[in-house]
Amino acid sequence: MKLLISVALATMACQASTAQEMSYGEAEYLNSCAVCHGPEGKGDGPLGDELLKRPADLTQLSRQNGGEFPYWRVFAVIDGRYVLPEHGERDMPVWGRQFLPGDAKKYGPNAGEIVTTERIHELAGYVQRLQR
């Protein structure tokens, strides 16, 4: 199991390094998030005008949180599987549910969950690097 997880994470790292030194988090962001949040995370993606609520400006999360990046809140929002229904509807896709079926099919159910979690960590880390 550990070998399978190591292979999966190494494969992800190799894919990211072949993308002109682009981190996996950045590649995932551009693939999954930029269409709404914009390529620089300012909430100005091409689909932003089509949504009921404008996507968040991800570059301002630290400023809006007293200068500290709310890593675990960002992680939870991206994952979305554990958001309580009483917190209201969400426009953003539940990426944990989006990523998991493919990851589980490729790596097995247990390793798939680990790979999905790592993908979300990579995304949250990239959003942290977008802070201005």
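## The largest pocket and its surroundings

Thirty residues would be a long list to read out, so here is the short version: of the 30 residues lining the largest pocket, His 37, Ala 56, Leu 58, Val 77 and Met 92 lie nearest its centre. This is a predicted model, and the pocket is a good place to start looking around it. The space in the largest pocket comes to about 860 Å³.

Which helices each supply at least two residues of the lining? They are α3 (34-37), α4 and α6 (109-129). Among the contributors to the lining, α4 has the largest share, with four residues. By class, the lining is made up of 18 nonpolar, five polar and seven charged residues.

### Asp 79, in helix α4

Helix α4 spans residues 71-79, and Asp 79 belongs to it. Is Asp 79 buried or exposed? Asp 79 is buried, because its relative accessible area is 2%, under the 20% limit. Its side chain makes a polar contact with the side chain of Arg 81, at 2.9 Å. Leaving aside residues up to four places away in sequence, Asp 79 touches Val 94, Trp 95, Gly 96, Arg 97 and Ile 120.

### The cysteines and Glu 50

How many disulfides does the structure hold? The count is zero. A disulfide is a covalent bond between the sulfur atoms of two cysteines. For Cys 33, the closest cysteine sulfur is in Cys 36, 8.6 Å away, and that is too far for a bond because a disulfide needs the two sulfur atoms within 2.5 Å. Looking from the other side, the closest cysteine sulfur to that of Cys 36 is in Cys 33, again at 8.6 Å and too far for a bond. Cys 33 is also buried, with a relative accessibility of 11%.

Glu 50 sits in the loop between α3 and α4. Why does Glu 50 count as exposed? Its relative accessibility is 65%, and exposed means over 50%, so Glu 50 qualifies. Glu 50 and Cys 36 are 14 residues apart in sequence, and their C-alpha atoms are 9.2 Å apart in space.

Here are the accessibility values side by side:

| Residue | Relative accessibility | State |
|---|---|---|
| Asp 79 | 2% | buried |
| Cys 33 | 11% | buried |
| Glu 50 | 65% | exposed |

Definitions and conventions
Residues are numbered from 1 along each chain as its sequence is written. This is a predicted model: local features need pLDDT of at least 70, side-chain atom pairs count only at pLDDT 80 or more; totals for chains, interfaces and linings use all residues. Side-chain values use heavy atoms; hydrogens and water are left out. Buried means under 20% relative accessible area, exposed over 50%, partly exposed in between (1.4 Å probe, protein chains only). A polar contact is a pair of N or O atoms within 3.5 Å; within protein, one must be able to donate a hydrogen and the other to accept it, and residues adjacent in sequence count only if both atoms are side-chain atoms. Contact means heavy atoms within 4.5 Å. On a 1 Å grid over the protein atoms alone, a cavity is a set of points where a 1.4 Å probe fits but cannot get out, and a pocket is an open set with protein on both sides within 12 Å along at least five of seven lines; lining residues have an atom within 4 Å of a point. Grid points are joined across faces, edges and corners, and a volume is the space filled by probe spheres set on the points. Ala, Val, Leu, Ile, Met, Phe, Trp, Tyr, Cys and Pro count as nonpolar, Asp, Glu, Lys and Arg as charged, and the others, Gly among them, as polar.
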